[in-house]
Amino acid sequence: RRRVVAAALSPDGRHAVSAGDRGFVRLWDAETGAELAQLPGQPERPRALLFAPDGRTVVVGDADGRAHCYAVPSGALLGSLAHSRQIDAMAFDARGERLLTGARDQTARLWRIARSDTALVATEIRTFVDHGGDLAHVGFDPSGELAVTTCTDGVVRVFDTSDSPTAKGGALHRLEVGTALEEAAFAPDGQRLLVQVGSQRALIWHYADARGVVTLRQPGAVPAVAFDRSGERVVTAGDDERLRAWHARDGRLLWSTEPLGNPLRRLDVDPAADRCAVALHDGRIALHVLTDGAVLASFQGHQGRVTALRFAAAGQLLLTAGHDRRAVVWQVDGRTPLRVVERPQPIAAADVSPDGTLLATAEVGEAVVRLWRVADGGPAGELPAHAKAVRCLRFAPDGQRLASGSADGNAWS
């Protein structure tokens, strides 16, 4: 008596295959229970079993990364295909002409199947990548034009399996659920996916609308985040001392810097050039190229915490402010101060108008917003709008209005 670890029934219900202990994969007559064949070239540790739609072929996926194809009912070995690690998931398209396999090498592979009475040839068409863990499930949509994968990284992905010359190996759509996933199935209309999440939860994803949440996951806290000027990339500043850029549509990591020496606290993207500025915990300011993260410049902007960082004047100026009681407007290209405003208390919030002519500051514990002319550093007015300390400031794009948020729970414009 042997332990059975996997079993499958043919689509017409006439045959069954079972896999158990090492060296035990057998083909059965499902109506009579008679053993038809013990499959040759025995997989040592079979993990996945699948019949073709016509019931004439059965595929056995093994822990060594190979999948063996056998004739039904004779059990004759027809051919094999391989991943580099254990195969855990397999699916045929509706016609049985293509096979999709998923493995612990973090890939799903699409194979074209050509079978005769005595042999089967599996030709790899495409490799689907971008997975961050072992594949748990694979499947086709009703048309055979799309495939779904679930993965131990907690992400559901949809891929193009069509013969289009534009079809690539990257995901068309992805939805991060955040926990290990099990099975997923397309609805008959091909517009939605039903996803099993653990033993007590299922979700329906209307992926055809290309709506969903893209989660950018990185170690530690993320103190600041910004889109680039095209909206196609997201830049994140991490307290793990790294600056990262991500694809905004599918969440792929595009690049990551080496540790910059201190946690990153502030971030802003130049609205007129392909660069960004970051403020580090020790008060340093660094400029980076957005295409690859290369450092353009680094300078000591403040002593201690930086509380504001903003490009202005079409990227020609950069505002920084901090707990060292200074607000500084820098000429970006020369990294030289154009204007320095010094205050008696640490600066809690600051912003500069888009045209770079007006500066707004609020000091720690104060409910007053002060305005300054950048040209000469002179005062331009005060706005006593709040009952408690001001926490944040932001100019409107036209520079004619200023929004402020306070510990009193109010926001004013």
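**Exercise 1. Decide whether C276 is buried or exposed, and then place C392 on the same scale.**

Solution. C276 has a relative accessible area of 0% and is therefore buried, where buried means under 20% relative accessible area, exposed means over 50%, and partly exposed lies in between, with a 1.4 Å probe and protein chains only. C392, at 44% relative accessibility, counts as partly exposed. A disulfide is a pair of cysteine sulfur atoms within 2.5 Å, and by this rule the count is zero.

Before going on, note that the model is predicted, so that local features need pLDDT of at least 70 and side-chain atom pairs count only at pLDDT 80 or more, while totals for chains, interfaces and linings use all residues. Residues are numbered from 1 along each chain as its sequence is written, and side-chain values use heavy atoms, with hydrogens and water left out.

**Exercise 2. Find the largest nonpolar core and say which elements give two or more residues to this core.**

Solution. A nonpolar core is a set of buried Ala, Val, Leu, Ile, Met, Phe, Trp, Tyr and Cys residues joined through side-chain atoms within 4.5 Å. The largest has 18 residues, and those with the most contacts inside it are V59, L81, M90, F92, L99 and I113. Two or more residues come from each of β5 (46–51), β7 (66–71), β8 (77–82), β9 (87–92), β10 (98–103), β11 (108–115) and β12 (120–128); strands are DSSP runs of E with at least two residues, numbered from the N terminus. Leaving aside neighbours within four places in sequence, V59 is in contact (heavy atoms within 4.5 Å) with residues including A48, L50, A67, M90, F92 and L99. Another core, of 16 residues, lies apart from the largest one and has C276 and A286 among its members.

**Exercise 3. Describe how β7 and β8 pair, and examine the residues between them.**

Solution. The two strands pair in the antiparallel sense over five bridges, where pairing requires that DSSP finds at least two bridges between them. One of the bridges joins H68 to S80 in β8. β7 and β8 form a hairpin with five residues between them, and G75 in the turn has a positive phi of about 80 degrees. P73 lies in the loop between β7 and β8, and the peptide bond from V72 to P73 is cis, with omega near 15 degrees.

**Exercise 4. Where does Q106 lie, and what is its phi?**

Solution. Q106 is in the loop between β10 and β11, and its phi is near 65 degrees, a positive value in a residue other than glycine. Most residues other than glycine have a negative phi. With a relative accessible area of 34%, Q106 is partly exposed.

Note on methods
Helix = DSSP H or I, 4+ residues; strand = E, 2+ residues; numbered from the N terminus.
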